[in-house]
Amino acid sequence: MNTETKKTRYCYHCRVYHPEEEMRLMVTKTGSRWRCIKSIEATKKPQAEREAYGRQVSEANKAEAQSKARMILNQPD
Ligand SMILES: [Zn+2]
């Protein structure tokens with residue numbers, strides 16, 4: 001066995017190598033990629049994303065409410 005030097009992984013986010021213990025394996029649609037914890041934490045739920053998500057949810061709720069209203073209106077009874 002040779003004395004192992006610190007393993008590094010290529011971070012697809014920073015496009016540099018980081019020590020492996022700072023890396024997380026991210027599973028994406030296109031496969032799995034290594035990304036550093038720092039970059040994950042940095043981009044975790046940014047304000048804009050949270051707002052976009054909130055809009056999506058309220059849009060979905062609105063659409064649901066509308067379809068329910070239509071269903072009630074269209075009831076043959
Ligand atoms: Zn990184």
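1. Two residues are taken to be in contact if their C-beta atoms, placed from the backbone, lie within 7 Å. On that criterion, and leaving aside residues up to four places away in sequence, Arg-24 touches Arg-35, Ile-37 and Ile-40. The model under discussion is a predicted one, and the points below should be read with that in mind.

2. On the overall arrangement, the protein contains two helices and four strands, and these elements follow one another along the sequence in the pattern β-β-β-β-α-α. Of the 77 residues in the protein, buried residues make up 6%. Where contacts between residues at least 6 apart in sequence are considered, 17% of them join residues at least 24 apart.

3. On confidence, the average pLDDT of the protein is 84, and 86% of the residues score at least 70. Among the elements, strand 2 has the highest mean pLDDT, at 96, whereas helix 2, which spans residues 47-73, has the lowest, at 80. As a general caution, predicted coordinates should not be read in detail where pLDDT is low.

4. The hairpin formed by strand 1 and strand 2 has four residues between the two strands. Strand 1 covers residues 8-11 and strand 2 covers residues 16-19, and the two pair in the antiparallel sense over four bridges. Within this pairing, Thr-8 stands opposite Pro-19 of strand 2.

5. Arg-15 deserves separate mention, since this residue belongs to the loop between strand 1 and strand 2 and has a positive phi of about 60° although it is not a glycine. Is Arg-15 buried or exposed? Arg-15 is exposed, because only 12 or fewer other C-beta atoms within 10 Å are allowed for that class and Arg-15 has 7.

6. A second hairpin joins strand 3 to strand 4, here through two residues. Strand 3 (residues 23-28) and strand 4 (residues 31-36) are paired in the antiparallel sense, over six bridges. Among the bridge partners, Val-27 is matched with Ser-32 in strand 4, and Arg-24 is matched with Arg-35, likewise in strand 4.

7. To return to Arg-24, this residue lies in strand 3, and Arg-35 is both its bridge partner in strand 4 and one of the residues that it touches. How many C-beta neighbours does Arg-24 have inside 10 Å? The count for Arg-24 is 13, and therefore the residue is classed as partly exposed, given that the exposed class ends at 12 and the buried class begins at 20.

8. A further relation links Arg-24 to Arg-9, for which the separation is 15 residues in sequence and 9.5 Å in space, taken from C-alpha to C-alpha.

Terms used. Residues are numbered from 1 along each chain as its sequence is written. This is a predicted model: local features need pLDDT of at least 70, side-chain atom pairs count only at pLDDT 80 or more; totals for chains, interfaces and linings use all residues. Two strands pair if DSSP finds at least two bridges between them. pLDDT is the predictor's confidence in each residue, from 0 to 100.
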